[in-house]
Amino acid sequence: MILHWGSRLPVGMAYVMLGRCEKLEDLYITGEFDPGQIRCHPDALEEAQRLDAIAFERLMEQQKLEEKSLIISYVNVRSLREHLPDVLTEPILMKSNLLGLGETWLYEGETVEIPNMISTFVSSGKGKGLAAFTKETCMTECLQRTDASGIFIKHENINVIFLYLTKGFDWTNLHEFLENVIDPEEPTVIMGDVNWHYPDNHLMKTYLQVKGFTQLIMKATHQDGRCIDHLYISEQLKDTSIEVQQNSTYYSDHDIISLFVPKQ
């Protein structure tokens, strides 16, 4: 690319011209090059500074939230083997104290390591499976069926149940698992890809409502516009200043859902 440099370049024009090349070696400048002609438009500079200030303020707020919270996150990873590098570079997942990954596509006996985290696997092959990772040693109990995977984690301050359920799963097996692990006296979080759209009627929805659980995810979590990744909290957590975040990601057709529970 040949740029015809001059003394009358409008503000902002130098940025446009210089930004047209991907490699410095492909750029040729004719005329007398004057770096002083590389100027921002005042309005554009003001707006950029305004946006930077907003971004910095939000970053500080997020850091404060993370520091004072127990973070629980879940995402349908669509093959943990393939997307492990993506998971390892996802900030909110790596900051989570308890992490659930659905649709791991791992086979029984196959494991994947995440540094400084303890793993639990319920593996059923391609298109299925569940993994849980914790930063502390916790007691766990698992559900392993061809159509339903569950991992119960008894953390020091909270009980967490991660789920991955296939479409049309057998409610009987899941009901039995939930009955065994849900303690009505303990604060409990249930999180995962359940493969049915909220607020549609479902036996699982009725069961959890009777148990006093509240669903916190109301927006679509899947690229098809369905809310199929759910987050339920028990009655003990309803009056606490918890916060929920939902973020899209490039390596899955599901959103990441995260729960921030104030540390005790």
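## Close-up views

**View 1. Strand E13 is joined to strand E14 (residues 256-262) by five bridges, and the two run antiparallel.** Residues are numbered from 1 along each chain as its sequence is written. The model is predicted, so local features need pLDDT of at least 70 and side-chain atom pairs pLDDT 80 or more, while totals for chains, interfaces and linings use all residues, and side-chain values use heavy atoms, without hydrogens and water. Helices (H or I, at least four residues) and strands (E, at least two) are DSSP runs, numbered from the N terminus; strands pair if DSSP finds at least two bridges between them. Within the E13 and E14 pair, Gln246 has Ile257 of E14 as its bridge partner.

**View 2. E13 and E14 belong to an open sheet of six strands with mixed pairing.** Reading across the sheet, the order is E5-E6-E4-E3-E14-E13. The edges are taken by strand E5 (118-122) and strand E13 (243-247); each has a single partner strand, so one side of each has no neighbour in the sheet. On average, neighbouring strands of this sheet are turned by 15 degrees against each other, direction ignored (axes are lines fitted to C-alpha atoms, for helices over the stretch in contact, and angles run from 0 to 180 degrees between N-to-C directions).

**View 3. Strand E4 (residues 98-102) is covered on both faces.** Five of the five residues of E4 are buried, so this strand is largely enclosed by the rest of the structure (buried means under 20% relative accessible area, exposed over 50%, partly exposed in between, with a 1.4 Å probe and protein chains only). Leu98, Gly100 and Gly102 are buried on one side, and Leu99 and Leu101 on the other. E3 and E4 run parallel and are joined by five bridges, with Ser73 facing Leu99 of E4 as its bridge partner. E4 also pairs with strand E6 (residues 130-134), here in the antiparallel sense over five bridges; Leu98 has Thr134 of E6 as its bridge partner.

**View 4. Helix H2 (residues 42-67) lies across strand E3 (69-76), E13 and E14.** H2 runs at about 105 degrees to E3. With 26 residues, H2 reaches 38 Å from its first C-alpha to its last, close to the 38 Å expected at 1.5 Å a residue (the expected span is 1.5 Å times one less than the number of residues). Gln62, Leu65 and Glu66 are the buried residues of H2. Their cover includes E3, helix H4 (91-95), E13 and E14.

**View 5. Strands E7, E8 and E9 are linked by hairpins.** Strand E7 (residues 139-144) and E8 run antiparallel, joined by six bridges, and three residues make the hairpin connection. Cys142 has Ile151 of E8 as its bridge partner. E8 and E9 also pair in the antiparallel sense, over seven bridges, and their hairpin has four residues between the strands. Here Ile153 is matched with Val160 of E9 as its bridge partner. Six of the seven residues of strand E8 (residues 148-154) are buried, so E8 is largely enclosed by the rest of the structure.

**View 6. The largest nonpolar core has 46 residues.** Such a core is a set of buried Ala, Val, Leu, Ile, Met, Phe, Trp, Tyr and Cys residues joined through side-chain atoms within 4.5 Å. Ile72, Ile161, Phe162, Leu174, Val189, Met191 and Met204 touch the most other members. Strand E9 (residues 159-165) gives the most to this core, with six residues. A second, separate core of 21 residues includes Leu65, Val75, Leu80 and Val87.

**View 7. Helix H6 (residues 203-210) has buried residues Met204, Lys205, Tyr207 and Leu208.** They cover an arc of only 165 degrees around the axis, which puts them on the same side of H6 (the arc is that of the directions from the helix axis to the C-beta atoms). Leu203 and Val210, on the other side, are exposed. The buried residues of H6 pack against E9, helix H5 (171-181), strand E10 (188-193) and E12. Leaving out residues up to four places away in sequence, Met204 touches Leu163, Leu165, Phe169, Trp171, Leu174, Val194, Trp196 and Tyr232 (contact means heavy atoms within 4.5 Å). Just after H6, Gly212 takes a positive phi of about 90 degrees.

**View 8. His222 sits in the loop between strand E11 (214-215) and strand E12 (229-233).** With a relative accessible area of 12%, His222 is buried. Apart from neighbours within four places in sequence, His222 is in contact with Ile228, Asp253 and His254.
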